[in-house]
Amino acid sequence: QVQMVESGGGLVQAGGSLRLSCVASGSIFSVETMAWYQQPPGKQRALVAAITSGGTTTYADSVRGRFTISRDNAKNTVYLQMNSLKPEDTAVYYCYSNARARDRWYDPYWGQGTQVTVSA
């Protein structure tokens, strides 16, 4: 099995920055795509950014130019650098990976979520 643990959320003023981290651990053989999703209050979970094992990235239109996703393959860690934060970025942020546990094929894994609150 693979476990995903997020950290780095908190309260920040509009225009400020935060960096989220997520570490995949367990019986890992390999990690393909890693991604961040957001779920604002009362809304559905939606993709924020994703990055493949080769470093190809994709971003939601609402965060492009402000957020940067990166990963450290040696540490099985994905980061989300969030700059120029807006109140509408307030949400629970979830880490996702498509990974192979040892002796298994690819499966989806989710973190527990970390709260990001941006004050006006």
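In this predicted model, strand 4 (residues 28-39) pairs with strand 5 (residues 46-51), and the two run antiparallel, held together on paper by five bridges. One spot to look for in the pairing is Gln 38, whose bridge partner in strand 5 is Ala 46. The two strands make a hairpin, with six residues between them. In that turn sits Gly 42, with a positive phi of about 75°.

Strand 5 also pairs with strand 6 (residues 57-59), again in the antiparallel sense, this time over three bridges. Here Ala 49 stands opposite Tyr 59 in strand 6. This pair is a hairpin too, with five residues between the strands, and Gly 55 takes a positive phi near 100°.

Further along the chain, strand 9 (residues 91-101) and strand 10 run antiparallel and are joined by five bridges. Ala 99 has Asp 107 of strand 10 as its bridge partner. Four residues lie between these strands in their hairpin, where Asp 103 takes a positive phi near 70°.

Strand 10 (residues 106-110) is a handy place to see what the two sides of a strand look like. In a regular strand, side chains alternate between the two faces of the sheet. On the covered face of strand 10 are Asp 107 and Tyr 109, while Tyr 106, Pro 108 and Trp 110 make up the uncovered one.

Trp 110, then, belongs to strand 10 and to its uncovered face. Is Trp 110 buried or exposed? The answer falls in the middle: its relative accessible area is 39%, so Trp 110 counts as partly exposed, given that buried means under 20% and exposed means over 50%. Leaving aside residues up to four places away in sequence, Trp 110 touches Met 4, Tyr 37, Arg 45, Tyr 94, Cys 95 and Tyr 96. Take Tyr 94 from that list: it is 16 residues from Trp 110 along the chain, yet the C-alpha atoms of the two are separated by 6.9 Å.

Positive phi values turn up in two other loops as well. Asn 76 is not a glycine, but it has a positive phi of about 50°; it is found in the loop between strand 7 (67-72) and strand 8 (77-82). Ser 84 is likewise not a glycine and also has a positive phi of about 50°, and its place is the loop between strand 8 and strand 9. With 40% relative accessibility, Ser 84 counts as partly exposed.

Now for the whole chain. How many helices and strands does it have? The count is zero helices and eleven strands, so to speak a run of β after β when read along the sequence. Among contacts with a separation of 6 or more, 55% are between residues 24 or more positions apart.

As for overall size, the C-alpha atoms fill a box of roughly 50 × 25 × 20 Å along the principal axes. The radius of gyration is 14 Å, which agrees with the value near 14 Å for a compact globule with 120 residues. Buried residues make up 44% of the 120. The accessible surface comes to about 6,200 Å², and carbon and sulfur atoms account for 48% of it. Finally, there are 11 positive and 8 negative side chains, with the centres of the two sets 2 Å apart.

Technical notes. Residues are numbered from 1 along each chain as its sequence is written. This is a predicted model: local features need pLDDT of at least 70, side-chain atom pairs count only at pLDDT 80 or more; totals for chains, interfaces and linings use all residues. Side-chain values use heavy atoms; hydrogens and water are left out. The radius of gyration is taken over C-alpha atoms; the globule rule is 2.2 Å times the number of residues to the power 0.38. Buried means under 20% relative accessible area, exposed over 50%, partly exposed in between (1.4 Å probe, protein chains only). Contact means heavy atoms within 4.5 Å. Accessible areas come from the Shrake-Rupley method with a 1.4 Å probe; for residues, only the protein chains shown count as cover. Lys and Arg count as positive and Asp and Glu as negative; His and the chain ends are not counted. The place of a charge is taken as NZ of Lys, CZ of Arg, CG of Asp or CD of Glu. Two strands pair if DSSP finds at least two bridges between them.
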